[in-house]
Amino acid sequence: MNSTRESWASKLGFMLAAMGSAVGLGNIWRFSYVAGENGGGAFLILYLASILIVGIPLLLAEVSIGRKAKSDVVGSYRTLAPEKPWYLAGFLGVFGALLILGFYSVVAGWSMYYFWNYLSGYFFTVPEQGYGATFETFTSSTAQPLMWHGIFMVLTIAIVLTGVKKGIELANKIFMPALAVLLIILAIFSLSLDGAMEGLRFLFQPDWSVLSNPSVYIAALGQAFFSLSLGVGVMMTYGSYLGDHHKLPGATVGIGLMDTFFAVISGIVIFPAVFAFGIEPDSGPVLVFITLPDIFSQIPFGGVVGILFFLSLTLAAVSSSVSLLEVPVAYLMRTFKWSRRQASIITGIIIFILGIGASLGMGAWSGFTPIGQLNIMDSMDYIASNIFLPIGGLVIALFVGWYFSRREALTAADLQHQAVGRWWYVIVKYLAPVIILLIFLNALGVL
Ligand code: PHE
Ligand code: NA
């Protein structure tokens with residue numbers, strides 16, 4: 001019945017796309033500011049624990065659902081559990097993907113703007129008011145950030161509409177290694193700055209007192225999910241384009257470790273610089289857009305590094321945004337028989353509109369704080385990352401752990417003959433749900 005459904009050209013194609021989805025703004029922009037706001041070292045440990053104990057096992061579970069069902073996030077649950085309410089979690093995924101892409105593309109637009117300003121040479125030297133004020137002026141204005149958000153969405157739509165295979169695979173093959181090399185060079189430079197030790201201490205020396213704050217746990221879990229692209233159906237959808245003969249466990253561990261490498265290395269770039277340039281580590285979402293240009297302005301050929309860096313960052317963001325757009329697009333194509341073209345354009349426009357709120361929330365609408373003190377963008381991020389994604393992950397764990405039989409679960413994940421299979425199963429069935437629930441109850445103040 002699905003004879004015309006698309007599929008990856010190879011297992012490598014799947015791995016690259018999934019890594020491309022995982023590695024993005026979350027590793028550099030989001031990781032550094034969330035770590036900075038949550039005290040550094042102790043957060044890092046909770047984050048790494050979330051990745052290893054909950055994240056990677058659930059990544060395998062999510063991909064295995066998609067590959068088994070060969071459908072989008074709603075359709076996968078519908079296919080495997082007909083007439084049961086599991087598919088409702090699929091809608092949570094579709095909405096979560098829209099919500100995330102709504103603000104993600106605004107930030108990606110900032111990255112493009114930076115790329116443009118390096119390309120034109122304008123950012124090669126420190127602008128008169130400094131990078132900090134320049135950034136504030138730009139993001140709080142109305143037209144410019146919206147224009148870049150629009151350009152970025154057009155790019156994302158264009159790629160999704162062509163089909164994921166060619167463009168994304170190629171871009172990933174070139175720019176992910178480029179980003180890795182640049183980050184390593186920058187890390188070495190950053191470590192040579194005065195104040196580097198203080199930055200490393202902040203990142204690696206846990207201050208256990210922050211652990212008494214419940215919000216640190218939910219932040220670490222949310223960051224782990226966000227960074228792994230876990231819980232919205234991206235990995236389920238990507239897994240659905242994968243043939244049954246490709247083995248999953250090694251692939252998912254590879255994706256998780258690669259993603260973690262990019263986060264830790266960017267922490268090593270950012271935090272020494274944060275302390276060297278006297279920026280507060282808890283400055284929030286603006287952190288990298290101010291520290292990185294400061295670093296570049298001090299390195300020989302820093303302007304060229306700036307060009308390459310923001311180009312790589314933008315392309316890393318594209319491969320993530322493409323994966324986010326693919327979630328609703330795959331759903332709409334199947335459900336309403338829309339063409340890929342129609343689904344991509346209509347969804348892209350909806351996301352553009354959502355992003356207007358996120359962008360204006362930095363300026364004209366900054367007085368509007370939907371959740372506590374959080375502006376529109378941070379509120380969208382909070383709801384999506386700290387609530388939608390963990391719930392999506394919880395449902396994945398319950399579905400594989402409790403709805404599937406043990407044999408079905410192990411077979412779907414290609415772990416039926418592996419010794420680690422029993423551990424994975426225990427984690428998915430018991431440990432992951434318990435941890436997610438405990439963190440939720442704790443954040444709600446119940447525990
Ligand atoms: N994982 C991506 C990043 O780190 C963001 C993302 C989240 C992509 C959720 C898809 C789904 O930038
Ligand atoms: Na990531």
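**Salt bridges, a sodium site and helix contacts in a predicted model**

A salt bridge joins the side chains of R30 and D381, with a separation of 2.8 Å from N to O. The two residues belong to distant parts of the chain, R30 being in helix α2 (residues 25-37) and D381 in helix α16 (residues 376-403), 351 residues apart. The structure described here is a predicted model. Because buried residues are those under 20% relative accessible area, R30 counts as buried at 4%. D381 is likewise buried, its relative accessible area being 2%.

The helices that carry this pair also meet each other. Two packed helices are described by the angle between their axes and the distance between the axes. The axes of α2 and α16 come within 14 Å and cross at roughly 90 degrees. Angles of 65 to 115 degrees count as roughly perpendicular, and α2 and α16 are therefore roughly perpendicular to each other. On the side of α2, the contact is made by W29, R30 and Y33. On the side of α16, D378, D381, S385 and N386 take part. Both partners of the salt bridge between R30 and D381 are thus among the residues of this contact.

Helix α2 also meets helix α10. The axes of α2 and α10 come within 11 Å and cross at roughly 175 degrees. An angle over 145 degrees counts as roughly antiparallel, and this description therefore applies to α2 and α10. From α2, the residues G26, N27, R30, F31 and V34 are involved, and they meet A219, G222, Q223, F226 and S227 of α10. R30 accordingly appears in the contact with α10 as well as in the contact with α16.

Two residues of the contact between α2 and α10, N27 and S227, are also protein donors of the sodium ion (ligand 2). The protein donors of this ion are A22 (O), N27 (OD1), S227 (O), S227 (OG) and D259 (OD), at 2.1 to 2.6 Å from the ion. The site has six donor atoms, with angles of 79 to 167 degrees among them, and is octahedral. In sequence, the donor residues follow the spacing A-x4-N-x199-S-x31-D. S227 and D259 link distant parts of the chain, S227 being in helix α10 (residues 214-228) and D259 in helix α12 (residues 249-276), 32 residues apart. Both S227 and D259 are buried.

In total, the structure holds six salt bridges. Side chains of opposite charge can pair when their charged atoms come close. One of the six is formed by R340 and E6, whose closest N and O atoms are 3.0 Å apart. Because R340 lies in helix α15 (residues 340-360) and E6 in the segment before α1 (11-22), this pair ties together parts that are 334 residues apart in sequence. R340 counts as buried at 11% relative accessibility, whereas E6, at 34%, counts as partly exposed.

R340 has a further partner in E326, and the side chains of R340 and E326 meet at 2.9 Å, N to O. This pair links R340 in helix α15 with E326 in helix α14 (residues 302-336), 14 residues apart. Both R340 and E326 are buried. Through salt bridges that share partners, E6, E326 and R340 are joined into one network.

Terms used: Residues numbered from 1 in each chain as written. Chains lettered and ligands numbered in written order. Predicted model: local features only at pLDDT ≥ 70, side-chain atom pairs only at ≥ 80, totals over all residues. Heavy atoms only, no water. Salt bridge = Lys/Arg side-chain N within 4 Å of Asp/Glu carboxyl O. Helix = DSSP H or I, 4+ residues; strand = E, 2+ residues; numbered from the N terminus. Buried < 20%, exposed > 50% of the residue type's maximum accessible area, 1.4 Å probe, protein only. Donors = N, O, S within 2.8 Å, 3.2 Å for Na, K, Ca; no water. Tetrahedral: all angles 85-135°; square planar, octahedral: opposite > 155°, others 65-115°. Axes fitted to C-alpha atoms, helices over the stretch in contact; angles between N-to-C directions. Parallel < 35°, antiparallel > 145°, perpendicular 65-115°, else oblique. Contact = heavy atoms within 4.5 Å.
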